[in-house]
Amino acid sequence: MIKRKVVITDYIEPDLDWETRTFDSYDIDFAHYQLKNASREELLDAVKDAEIIVVNMARFDEALISGLNKTQLIIRHGIGYDNVDIDAAARKGITVINIPDYCVPEVAEQAVMLIVACQRKLTTQLHSMQCSTEAGKWVFEPVYPVYQLQGKTVGIVGLGRIGGTVFRMLQGFGVKFLVCDPYLSKERKKEYGIETCSLEDLLQNSDIVTIHCPLKWEETYHMFDTLQFKMMKKTAILVNTARGAIVNLETLDQALRAGEIAQAGIDVYEVEPPSADLPLLHNERAICTPHLSWLSEESGWTIREKIMEQIRRYMDGETVQNILTVPNTGPAAG
Ligand SMILES: NC(=O)c1ccc[n+]([C@@H]2O[C@H](COP(=O)([O-])OP(=O)(O)OC[C@H]3O[C@@H](n4cnc5c(N)ncnc54)[C@H](O)[C@@H]3O)[C@@H](O)[C@H]2O)c1
């Protein structure tokens, strides 16, 4: 009898020994690859026999999905699913799910860390420390000016799970909030006691802007570009822990160097990892982290267990959770 097959196209775990043992115990054929940047042909060759595909960052576009004749379920390893064409999958009758409820506190913590690190100019302070020990006297000049965080206005773009957690975490800092989220329900506005505003209002009036909306190619790709940086305060900080392509990093670098905005804290890049000669990586006004907002010992295991639970459900004929598509009828809400 032909065994049912699961393929993991690319992964960030140190190894997949636990998955291998678990699939063995279920008598499932399991293969795993590192095909994040592979060609469509190479990717298709690896997944064409799979009933279930788990994808981290590899791109599943319409052309690739149209070649999947055995696949019933695609699981996006993570929250964002901008690398999977869910409309094409729906037309092909393939269900796509994501794992929306993992690493929420971790990403919020990273955003808060970047906000505070930019506001307190952490990297410049480290440089000042080094200059001071070399000079035998405090060298504070490179750090000036530093502004208090308390009383400032934080603009949150996207008040979903992560944006909402950032909102709650930052309340202890005594800041004010502006929120831009065109899809926020009345109930959620009531829950947070806020009204939403336009992106333009938020950019003009925020001291800190933190991005927590999804990358939607038609809607939020390069949502932050030359025009938006010009709208922001010269003292403003921009933090992005959502998806790299929401911000044009070339024009962000130019805006920082021109003094149009003050600081940036960036965890995500349009090309990952970014090339060593990306100007932003060499910009003293930017703190750049390597797309690991999701990282913690807890979240690493949480997502593995949650993915395995969805595979078990599917194999046992139960309904899978967090469905992004309704096969043949287009994407579902959520
Ligand atoms: N850096 C990392 O390691 C990491 C880890 C997990 C998630 N993420 C990213 O964080 C993003 C947010 O995650 P989440 O769990 O909060 O998602 P979520 O779906 O709970 O929230 C997203 C919010 O953005 C809003 N939104 C949609 N379009 C918008 C627009 N044009 N303008 C403003 N708001 C808009 C939605 O209404 C929603 O409230 C994900 O899309 C994912 O790409 C990054």
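# A guided tour, starting from helix 12

Begin by selecting E309, a residue that counts as partly exposed because its relative accessible area is 29%, and keep in mind throughout the tour that this is a predicted model. Now add R312 to the selection: R312 forms a salt bridge with E309, and the closest N and O atoms of the pair are 3.1 Å apart. Both residues lie in helix 12, three residues apart, which is about one turn of the helix. R312, with a relative accessible area of 23%, is partly exposed. If you extend the selection to R313, D316 and E318, you will have a single network, in which salt bridges that share partners join these residues to E309 and R312.

Stay with helix 12 and select K306, which is partly exposed at a relative accessible area of 27%, and then select D101. These two form a salt bridge, with their closest N and O atoms 3.2 Å apart. Because D101 sits in the loop between strand 5 and helix 5 (104-119) while K306 belongs to helix 12, the pair ties together parts that are 205 residues apart in sequence.

Next, turn to the sheet. Which order do its five strands follow? Select them and you will find an open sheet with parallel pairing, in the order 2-1-3-4-5. At its edges are strand 2 (29-32) and strand 5 (95-97), each of which pairs on one side only, and from one strand to the next the twist averages 15°. For a closer view, select residues 52-55 and residues 73-76, which are strand 3 and strand 4, running parallel and joined by four bridges; here I52 has L73 as its bridge partner in strand 4. Bring back helix 12 (residues 297-315), which packs on the sheet and touches strand 1 (5-8), strand 3, strand 4 and strand 5, its direction making about 165° with that of strand 3.

Then move to K233 and D207, another salt bridge, in which the closest N and O atoms are 2.9 Å apart. K233 lies in the loop between helix 10 (226-231) and strand 9 (237-240), and D207 in the loop between helix 9 (199-205) and strand 8 (208-211), so the pair ties together parts 26 residues apart in sequence. Is each partner buried or exposed? K233 is partly exposed, with a relative accessible area of 30%, whereas D207 is buried, at 13%.

Finally, select M129, W138, F140 and Y144, which form a nonpolar patch on the surface with about 490 Å² of accessible area together. Within this patch, F140 is found in the loop between helix 6 (122-135) and strand 6 (153-157), and counts as partly exposed at 39% relative accessibility.

Terms used
Residues are numbered from 1 along each chain as its sequence is written. This is a predicted model: local features need pLDDT of at least 70, side-chain atom pairs count only at pLDDT 80 or more; totals for chains, interfaces and linings use all residues. Side-chain values use heavy atoms; hydrogens and water are left out. Two strands pair if DSSP finds at least two bridges between them. Helices (H or I, at least four residues) and strands (E, at least two) are DSSP runs, numbered from the N terminus. Axes are lines fitted to C-alpha atoms, for helices over the stretch in contact, and angles run from 0 to 180 degrees between N-to-C directions. Contact means heavy atoms within 4.5 Å. Patches are made of residues with over 30% relative accessible area and no salt bridge: like charges are joined within 9 Å, nonpolar side chains (Val, Leu, Ile, Met, Phe, Trp, Tyr) within 5 Å. Accessible areas come from the Shrake-Rupley method with a 1.4 Å probe; for residues, only the protein chains shown count as cover. A salt bridge is a side-chain nitrogen of Lys or Arg within 4 Å of a carboxyl oxygen of Asp or Glu. Buried means under 20% relative accessible area, exposed over 50%, partly exposed in between (1.4 Å probe, protein chains only).
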